[in-house]
Amino acid sequence: LVLVLPTLAAADPCAVTDAKEAASLAQRLYTQGEFQRAGECYTAAGDLPRANEAFVRAVQPSGQANAQGLHAQADTAKALFAQVAGAFRTQH
């Protein structure tokens, strides 16, 4: 994760004036569950271990949502195949 952070840091997503403010804002954002933004502020504060932890936490909900979406797509595909199979059976 640290390898991709310079790109994020270059855009200055954590608009504060110094590292102490960035750390304080990062902690508030982390507590509120805004892990992506917290990671950006931890990076601005120079606290890379906490930044990495926040970025990992930010990815988890997205991964869970993707897994649920794939499961729903699989169910839809099964239903579609069942309809197609039923249509062939009724035509013959």
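**A walk around helix α2 and its neighbours**

Guide: Arg50 counts as partly exposed, at 46% relative accessibility (buried is under 20% relative accessible area, exposed over 50% and partly exposed in between, with a 1.4 Å probe and protein chains only). The model is predicted, so local features need pLDDT of at least 70 and side-chain atom pairs pLDDT 80 or more, while totals for chains, interfaces and linings use all residues. Residues are numbered from 1 along each chain as its sequence is written, and side-chain values use heavy atoms, without hydrogens and water.

Visitor: Which residue forms a salt bridge with Arg50?

Guide: A salt bridge here is a side-chain nitrogen of Lys or Arg within 4 Å of a carboxyl oxygen of Asp or Glu. The closest N and O atoms of this one are 3.6 Å apart. The partner is partly exposed at 22%, and it is Asp47.

Visitor: What is the N to O distance in the salt bridge of Glu34 and Arg37?

Guide: Glu34 is partly exposed at 31% relative accessibility, and Arg37 is partly exposed at 42%. Their side chains meet with an N to O distance of 2.9 Å.

Visitor: How wide an arc do the buried residues of α2 cover around the axis?

Guide: Helix α2 runs over residues 19–31 (a helix is a DSSP run of H or I, at least four residues, numbered from the N terminus). Its buried residues are Ala22, Leu25, Ala26, Leu29 and Tyr30. They lie on the same side of α2, because their arc (taken from the directions from the helix axis to the C-beta atoms) is only 135°.

Visitor: Which exposed residues does the opposite face of α2 carry, turned away from the buried side?

Guide: One of them also features at the start of α2, where a side-chain oxygen of Asp18 reaches to within 3.2 Å of the backbone nitrogen of Lys20. The exposed residues on that face are Lys20 and Thr31.

Visitor: Are the rings of Tyr30 and Phe35 stacked or edge-to-face?

Guide: Rings of Phe, Tyr and Trp (its six-membered ring) pair if their centres lie within 6.5 Å; planes under 30 degrees apart are stacked, over 60 edge-to-face and the rest tilted. The structure holds two such pairs. With centres 5.1 Å apart and planes at 75°, the rings of Tyr30 and Phe35 are edge-to-face.

Visitor: Which helix holds Tyr42, the other ring paired with Tyr30?

Guide: Tyr30 and Tyr42 form an edge-to-face pair, 6.5 Å centre to centre with 65° between the planes. This pair links distant parts of the chain, 12 residues apart. Tyr42 is buried at 3%, and its helix is α3.

Notes. Helix = DSSP H or I, 4+ residues; strand = E, 2+ residues; numbered from the N terminus. Expected span 1.5 Å × (residues − 1). Polar contact = N/O pair within 3.5 Å; in protein donor to acceptor, adjacent residues only side chain to side chain.
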